[in-house]
Amino acid sequence: MESSKPHAVIVSSPGVGHLVCDLELGNRLVADQNFHVTFFVVLESQASAGESHLIQSAMAQKLLDIVVLPPVDVSGQVGPNSPIFTRLTAVMTEIRPTLRSAISDLKPSPTAIVVDAFGTPVLEVADEIHVLKYVFVTSAWPLALMLYAPILDEEVEGEYVDQKEPLRVPGCMSVRPEDLVDPLLDRTKHEYKVFLQVGSEMRGSDGVLVNTWEDLDTRTLKAIREEEGFGSVSVYAVGPLIKPAGPSASRSELLDWLDEQPIESVLYISFGSLGVLSAQQITELAWGLEMSQQRFIWVLRPPSKKDASADRGDDALNYLPEGFLSRTQKLGLVVTQWAPQSEILCHRSTGGFLSHCGWNSSLESILRGVPMIAWPLYAEQKMNATKLAEEEGVAVRPKIAPTRGLVGREEIEMMVRKVMEDQEAGKAMRARVKELKASGEKALTEGGSSFNAMSQLAEQCAMNSERQKGKGK
Ligand code: UDP
């Protein structure tokens, strides 16, 4: 390796959602900004199908030096059902000694350490070795809420969810209590304290990189940079960073099937790497789809353990209504395995995406020009859904939040038809999402806002490493 290159260490916390965009950040730093990147993968247990798939394709690409660290067991500290911030920050605290020793072996030493939103405990390692420390987060509006949370904590009395008015975040869209991110749902819980702590660690970093671009989040980014109460951390909009759709070793049969379908005629349905529906909701979704008579690919997972029934067991297909698969044989496919989502969304036959609005999925849909049915389930997805449906006009969403009640088959049929065949609202959403696609692509090209933000980051790293060398003399 040329020693003149800046050397970034990226530490990716467990979970497909983080790995996907962390890897793409690394790829961009190498390909566009001439960085060397050492990429540490942190796992909680054995890699999931999704994690393995991503690690293998990144290794085959050979852009990054990938190091998969031994899994971290935190079962002695946190329960198996602990919420995500509590669990993952415990994992990222526990990994510190391993990481310290792995980083000290790196030659040349790194210029910067980048972690994702769950990796802030690792920033301590950056301080110890005096290198720059950055946090890479998903979307801008939830970031604003996180940075502003200490002020809300002081100003708001009682639970946020019980407020009569939306929470005011200066310069940003206000946050309706029903859209709040999970850690803010109960202020008495440890998860809430961890959320505040992570926000404060982010404020103390050398910069927060956000997976968005200036034109998508103009107002929110301006607010974070200019309004009081967000701290004075630098914010770099470096996205949209999504998994590229490339040919894989074996072409999925789903893509062969898509080849046979008319253009923009297939609705893709997936709830990300973790999302599950109740047994009853699976039934309603199946009926709604069948009633709509639209083509589909549905990535179906069994309901959560508490909702599964003993007689139907773990096989997701057992939760479909009797005869659904044979009646819809010519219309669609149901898959229970990991699906090549990026490739599916890229296919010309895909015309809509019923999504849980994880930020990666949302960006993938936008960058493929595919309008959405927003079906948020957990984490910051309700805020993402509101942005996509109400601010950007690229999604429809059910009247009742799917986390609060059952979405009925008639409403599902109506939403599917709206996205797939409506000549007014549907067409307008499709046109709008294609505009956003073009603006996202532009941001990443040389001279675009995200490309430039990455270049600024590279400059900051170069300057810092010169300073370090000067001190070492
Ligand atoms: N994904 C996939 N196949 C699947 C499920 C998910 O390729 O069957 C990918 C998807 O393309 C996205 C990521 O996994 O890149 C999920 O990230 P997201 O932020 O959308 O949701 P999360 O899983 O973190 O809730």
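**Exercise 1.** In this predicted model, determine in which sense strand β12 and β13 pair, and over how many bridges.

*Solution.* Begin with strand β12, which covers residues 372-374 and pairs with β13 in the parallel sense over two bridges. At the level of single residues, I373 has V396 in β13 as its bridge partner. Next, place this pair in its sheet, which is open, has six strands with parallel pairing, and runs in the order β10-β9-β8-β11-β12-β13. Finally, consider the ends of that order: β10 (332-335) and β13 (395-396) each have a single partner strand, so one side of each is left without a neighbour in the sheet.

**Exercise 2.** Work out the strand order of the open sheet of seven strands, and follow the pairing of strand β1 with strand β2 within it.

*Solution.* The order of this open sheet is β3-β2-β1-β4-β5-β6-β7, and the pairing is parallel. Its edge strands are β3 (65-68) and β7 (235-237), each of which pairs on one side only. From one strand to the next, the twist averages 20 degrees. Within the sheet, strand β1 (residues 7-12) and strand β2 (residues 36-41) are joined in the parallel sense over six bridges, and V11 stands opposite F40 in β2.

**Exercise 3.** Describe how domain 1 and domain 2 are placed relative to each other, and which elements supply the side of domain 1 that touches domain 2.

*Solution.* First, take the bounds from the domain assignment, which gives domain 1 as 2-243 + 441-472 and domain 2 as 253-437. The centres of the two domains, taken over C-alpha atoms, are separated by 28 Å. Turning to the contacts, 26 residues of domain 1 are in contact with 23 residues of domain 2. On the domain 1 side, α1, α2 (49-61) and α6 (140-155) each supply at least two residues, and α1 gives the most, with four residues. By residue class, this side divides into 13 nonpolar, eight polar and five charged residues.

**Exercise 4.** Establish which elements and domains contribute to the shell around the ligand.

*Solution.* Start from the residues themselves: 19 surround the ligand, and the closest are G17, G272, S273, G358 and S361. The elements that give two or more residues to this shell are α1 (16-33), α12 (341-346) and α13 (359-367), with the largest share, four residues, coming from α13. At the level of domains, the shell draws at least three residues from each of domain 1 and domain 2. Its composition is seven nonpolar, 10 polar and two charged residues.

Terms used
Residues are numbered from 1 along each chain as its sequence is written. This is a predicted model: local features need pLDDT of at least 70, side-chain atom pairs count only at pLDDT 80 or more; totals for chains, interfaces and linings use all residues. A residue is near a molecule or strand if its C-beta atom, placed from the backbone, lies within 6 Å of it. Ala, Val, Leu, Ile, Met, Phe, Trp, Tyr, Cys and Pro count as nonpolar, Asp, Glu, Lys and Arg as charged, and the others, Gly among them, as polar. Domain bounds come from an automatic or database domain assignment. Two strands pair if DSSP finds at least two bridges between them. Axes are lines fitted to C-alpha atoms, for helices over the stretch in contact, and angles run from 0 to 180 degrees between N-to-C directions. Two residues are in contact if their C-beta atoms, placed from the backbone, lie within 7 Å.
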